[in-house]
Amino acid sequence: MMINEDIVDAMIRIAKSARLHAYVPYSNCAIGACALTSDGTLYGGATVENASYGLSCCAERVAIYKAISDSKRRFDALAVVADTEDPYSPCGACCQVMVEFDIPEVILANLKGDIRVLMLEDLAPCAMRTKKNKKAEDKEEEKEKEDKEEE
Ligand SMILES: [Zn+2]
């Protein structure tokens, strides 16, 4: 599935505006993100840093966690924007969180308007998957198998 251009534009717009609220006194590197849930809701998020560096949270995770805490569990895509030369790519920790919530499509962008759309599988092909965080399609396949066995 590829999400349509208008939605991509809206996601990047929201990510850019969230970026303006980033709390980045240490890195001075503001990043914004936008998570698209399967019901079409858009959640913006910005980087939140901390004096204890390890406590900092990337914009991507902030956007995803905002959706989760609003009781959303299914996602279609995530966009991320930073002031970088090339479209900004999420870190490994954020990729792992995207795997956890099975976010299939990732839109990388920068302030110059460069956009790159990748499937999460291509961005993080070896991310950790367990029984609990399988891809939705694999879960469905498994359920079909179980239903057949019950018949
Ligand atoms: Zn990250």
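# Notebook: strand 4 and its surroundings

I began with a single pair in the sheet: Leu78 stands opposite Val106 in strand 4. The model I am reading is a predicted one.

**Entry 1, strands 3 and 4.** I followed the pairing along the two strands. Strand 3, residues 75–82, runs parallel to strand 4, and six bridges join the two. A further pair that I noted is Ala79, which has Ile107 of strand 4 opposite. I then looked at the connection: strand 3, helix 3 (residues 92–100) and strand 4 together make a β-α-β unit, and this unit is right-handed.

**Entry 2, the other side of strand 4.** Strand 5 covers residues 115–119 and is joined to strand 4 by five bridges, with the two strands antiparallel. Here I recorded Ala109 opposite Ile115 of strand 5. The two strands form a hairpin with four residues between them. In the turn I checked Gly113, whose phi is positive at about 95°.

**Entry 3, burial of strand 4.** Is strand 4 enclosed or open? I found that five of its six residues, within 105–110, are buried, so the strand is largely enclosed by the rest of the structure.

**Entry 4, the whole sheet.** I next placed these strands in their sheet. The sheet is open, has five strands in the order 2-1-3-4-5, and shows mixed pairing. Which strands stand at the edges? They are strand 2 (42–46) and strand 5; each has a single partner strand, so one side of each is left without a neighbour in the sheet. On average, neighbouring strands of the sheet are turned by 20° against each other, with direction ignored.

**Entry 5, helix 1.** I looked up what packs on the sheet from the N-terminal part. Helix 1, residues 5–19, lies across strand 1 (31–37), strand 2, strand 3 and strand 4. With respect to strand 1, helix 1 runs at about 140°.

**Entry 6, helix 5.** I compared the length of helix 5, residues 136–150, with expectation. At 1.5 Å a residue, its 15 residues should span 21 Å; the end C-alpha atoms are 21 Å apart, which agrees. How many of its residues are buried? The count is zero, and helix 5 is hardly covered. I set this beside strand 4, where five of six residues are buried.

**Entry 7, Ser89.** I selected one loop residue. Ser89 lies between strand 3 and helix 3, in the loop of the β-α-β unit of Entry 1. Ser89 has 15 C-beta neighbours inside 10 Å and therefore counts as partly exposed. I also took its separation from Ala30: the two residues are 59 apart along the chain, and their C-alpha atoms are separated by 13 Å.

**Entry 8, the chain as a whole.** I closed with the overall figures. The chain has five helices and five strands, and along the sequence they follow the pattern α-β-β-α-β-α-β-β-α-α. Its radius of gyration is 16 Å, close to the 15 Å of the globule rule for 151 residues, so the chain is as compact as a globular protein of that length. The C-alpha trace spans about 60 × 35 × 30 Å along its principal axes. Of the 151 residues, 32% are buried. Among contacts with a separation of 6 or more, 61% are between residues 24 or more positions apart.

Definitions and conventions. Residues are numbered from 1 along each chain as its sequence is written. This is a predicted model: local features need pLDDT of at least 70, side-chain atom pairs count only at pLDDT 80 or more; totals for chains, interfaces and linings use all residues. The expected span of a helix is 1.5 Å times one less than its number of residues. A residue is buried if 20 or more other C-beta atoms lie within 10 Å of its own, exposed if 12 or fewer, and partly exposed in between; C-beta atoms are placed from the backbone. Two strands pair if DSSP finds at least two bridges between them. A crossover is right-handed if, with the strands pointing away from the viewer, the path from the first strand over the helix to the second runs clockwise. The radius of gyration is taken over C-alpha atoms; the globule rule is 2.2 Å times the number of residues to the power 0.38. Two residues are in contact if their C-beta atoms, placed from the backbone, lie within 7 Å. Axes are lines fitted to C-alpha atoms, for helices over the stretch in contact, and angles run from 0 to 180 degrees between N-to-C directions.
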